[in-house]
Amino acid sequence: MASITGLTRDGQVWTPKFATSINMDSCIGCGRCFKACSKGVLVLDEVEIGDLEKSFMKVAYPGRCIGCGACGRTCPKNCFTFEEIEL
Ligand code: SF4
Ligand code: SF4
């Protein structure tokens, strides 16, 4: 199976790795990845754990992702999983 590929401006082929998931346990809900993403892929959500509320980011709209990797580079907790996607 072939993966989705793109072209650079000068015509070189590259293979984007798309954001597929975020580790909810390690996410601290800081929002850095949200600010870095220009495609509206990520949404901050909350979950109740006992008496506490925990904020965490999730890949809410994976179909919008262009595989730029900007979100993962800003994350201080290395929460992201990126994958090549087959056509
Ligand atoms: S890889 Fe790029 S487009 Fe995809 S979620 Fe991260 S910042 Fe957004
Ligand atoms: S940058 Fe990392 S720790 Fe911060 S909200 Fe995004 S996934 Fe969570």
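Colleague: What share of the 87 residues in the chain is buried?

Modeller: Buried residues make up 24% of them. This is a predicted model. The cut-off for buried is under 20% relative accessible area.

Colleague: Why is Cys-65 called buried?

Modeller: Its relative accessible area is 16%. The limit is 20%, and Cys-65 falls under it, so Cys-65 counts as buried.

Colleague: Where is Cys-65 placed?

Modeller: In the loop between S5 and helix H2, which covers 70–74.

Colleague: Which residues is Cys-65 in contact with, leaving aside its neighbours within four places in sequence?

Modeller: Phe-18, Ala-19 and Val-41. Each earns the word contact because it has heavy atoms within 4.5 Å of those of Cys-65. Lys-39 is 26 residues from Cys-65 in sequence, yet their C-alpha atoms are 6.5 Å apart.

Colleague: How much of the chain's contact set with a separation of 6 or more comes from residues 24 or more positions apart?

Modeller: 60%.

Colleague: Which residues surround ligand 1?

Modeller: Cys-65 is one of them. The others are Ala-19, Cys-37, Lys-39, Val-41, Ile-66, Gly-67, Cys-68, Gly-69, Ala-70 and Cys-71. Each belongs because one of its heavy atoms lies within 4 Å of the ligand.

Colleague: How does that shell divide by class?

Modeller: Eight nonpolar, two polar and one charged. Cys counts as nonpolar and Gly as polar, so Gly-67 and Gly-69 are the polar pair. Lys-39 is the charged residue, because Lys is in the charged class.

Colleague: What makes you say that ligand 1 sits in a cavity, and which one?

Modeller: The largest cavity. The word "sits" applies because more than half of the ligand's atoms lie within 2 Å of the cavity's grid points.

Colleague: And where does ligand 2 sit?

Modeller: In the second largest cavity. Its shell has 14 residues, the closest being Cys-27, Cys-30, Gly-31, Cys-33 and Cys-75. By class, that shell has 10 nonpolar, two polar and two charged residues.

Colleague: How do you know that S4 and S5 pair?

Modeller: Eight bridges join S4, residues 42–49, to S5, residues 52–59. Pairing needs at least two, so these strands qualify. They run antiparallel. Val-47 stands opposite Lys-54 in S5.

Colleague: What lies between S4 and S5 in their hairpin?

Modeller: Two residues. Gly-50 in the turn has a positive phi of about 65 degrees.

Colleague: What pattern does the chain follow along the sequence?

Modeller: β-β-β-α-β-β-α-β. That comes to two helices and six strands. The C-alpha atoms fill a box of roughly 55 × 25 × 20 Å, taken along the principal axes.

Note on methods. Residues are numbered from 1 along each chain as its sequence is written. Chains are lettered from A and ligands numbered from 1 in the order in which they are written. This is a predicted model: local features need pLDDT of at least 70, side-chain atom pairs count only at pLDDT 80 or more; totals for chains, interfaces and linings use all residues. Side-chain values use heavy atoms; hydrogens and water are left out. On a 1 Å grid over the protein atoms alone, a cavity is a set of points where a 1.4 Å probe fits but cannot get out, and a pocket is an open set with protein on both sides within 12 Å along at least five of seven lines; lining residues have an atom within 4 Å of a point. Helices (H or I, at least four residues) and strands (E, at least two) are DSSP runs, numbered from the N terminus. Buried means under 20% relative accessible area, exposed over 50%, partly exposed in between (1.4 Å probe, protein chains only).
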